[in-house]
Amino acid sequence: MRVIALTGGIASGKSTISRRLASLGASVVDADLLSREAVATGSPGLAQVAERFGPSVLAPDGSLDRAALGAIVFADESARLDLNGIVHPEVRRLAAARLAEIGRSDPHAIAVYDVPLLVETGVDHDFDLVVVADADADTRTERLISRRGLDPEEARRRVAAQASDGERRRVADVLIDTTGTLEHTDEQVDALWHDLTTGRR
Ligand SMILES: CC(C)(COP(=O)(O)OP(=O)(O)OC[C@H]1O[C@@H](n2cnc3c(N)ncnc32)[C@H](O)[C@@H]1O)[C@@H](O)C(=O)NCCC(=O)NCCS
Ligand SMILES: Nc1ncnc2c1ncn2[C@@H]1O[C@H](COP(=O)(O)OP(=O)(O)OP(=O)(O)O)[C@@H](O)[C@H]1O
């Protein structure tokens, strides 16, 4: 099995790329989804979050109030690092287990680990290739405002809470330019898949 890391800043187009790779035959593991599992209702992770941030981050049904926690952690660096300290170890465990499972069921699989914070958390897995969804910070900020409805200040904070474009480019084996049309992104993904499946990469 080969394991490809797919990273990129918030709203850079990672999900767009990983969806296309999945449709081409890749087995995708999504760190954002695993981070939700890590704080699922009733989980030890959520209990730790509630202990650190207080009951205001819980919804009446006992689930995590993501908007409330997001407002806290993207305005306060030390709060965000505390949250990372609770969630990231569990995400790493879950990811390693999922990737191992994929390798067991298909030794020839091409697995894609969609991991937004690869640079920020340090590369701890032996990846065969690092692919970066490359859209500059201004484009990503604009997408957060126009497509996700974040207010401009909140959008800037989220972008600022992550590595710079240059830091991500430095770890990239392959850059996918996601500032053009969706078709242009698809073409680059298809070319990458072709290279992966014909032994060019
Ligand atoms: C703060 C939370 C509750 C906000 O939830 P919300 O639904 O608004 O955002 P969502 O989880 O969909 O994340 C969207 C994007 O925000 C960025 N982001 C999320 N957490 C962080 C973080 N701790 N530091 C920097 N960027 C982050 C990523 O680009 C991610 O793809 C949530 O993001 C969270 O639990 N974050 C901590 C876990 C984490 O680091 N997740 C990202 C990678 S595993
Ligand atoms: N050329 C492009 N390539 C990829 N996405 C694009 C492009 N042009 C516009 N977009 C839009 O930008 C947004 C990128 O969102 P997407 O969910 O794919 O990013 P993401 O990196 O997974 O985000 P997040 O980090 O928030 O999970 C989508 O609304 C997508 O339609």
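I began with ligand 2 and looked up which helices line it: α1 (14-24), α7 (137-148) and α10 (182-197) each supply at least two residues of the shell around this ligand. I note here that the model is a predicted one.

I then listed the shell itself and found that 19 residues surround ligand 2, the closest being G13, K14, S15, T16 and T185. Sorting the shell around ligand 2 by class, I get ten polar residues, five nonpolar and four charged.

I turned next to ligand 1, which is surrounded by 18 residues, with I10, A31, R66, G70 and P116 as the closest. For this shell around ligand 1, the elements that give two or more residues are α2 (31-38), α4 (66-73) and α5, and I record that α5 gives the most, with five residues. By class, I count ten nonpolar residues in the shell around ligand 1, alongside four polar and four charged ones.

Since α5 had come up at ligand 1, I also looked at how it packs against α3. Helix α3 (residues 44-53) and helix α5 (residues 77-105) pack at an angle of about 175°, and their axes are 10 Å apart. The angle is over 145 degrees, so I enter α3 as roughly antiparallel to α5. On the α3 side I find G45, Q48, V49 and R52 making the contact, and on the α5 side D82, L83, I86, V87 and E90. My last entry is the make-up of this contact of α3 with α5, which by class has four nonpolar, three charged and two polar residues.

Terms used:
Residues numbered from 1 in each chain as written. Chains lettered and ligands numbered in written order. Predicted model: local features only at pLDDT ≥ 70, side-chain atom pairs only at ≥ 80, totals over all residues. Axes fitted to C-alpha atoms, helices over the stretch in contact; angles between N-to-C directions. Helix = DSSP H or I, 4+ residues; strand = E, 2+ residues; numbered from the N terminus. Parallel < 35°, antiparallel > 145°, perpendicular 65-115°, else oblique. Contact = placed C-beta atoms within 7 Å. Nonpolar A, V, L, I, M, F, W, Y, C, P; charged D, E, K, R; others polar. Near = placed C-beta within 6 Å.
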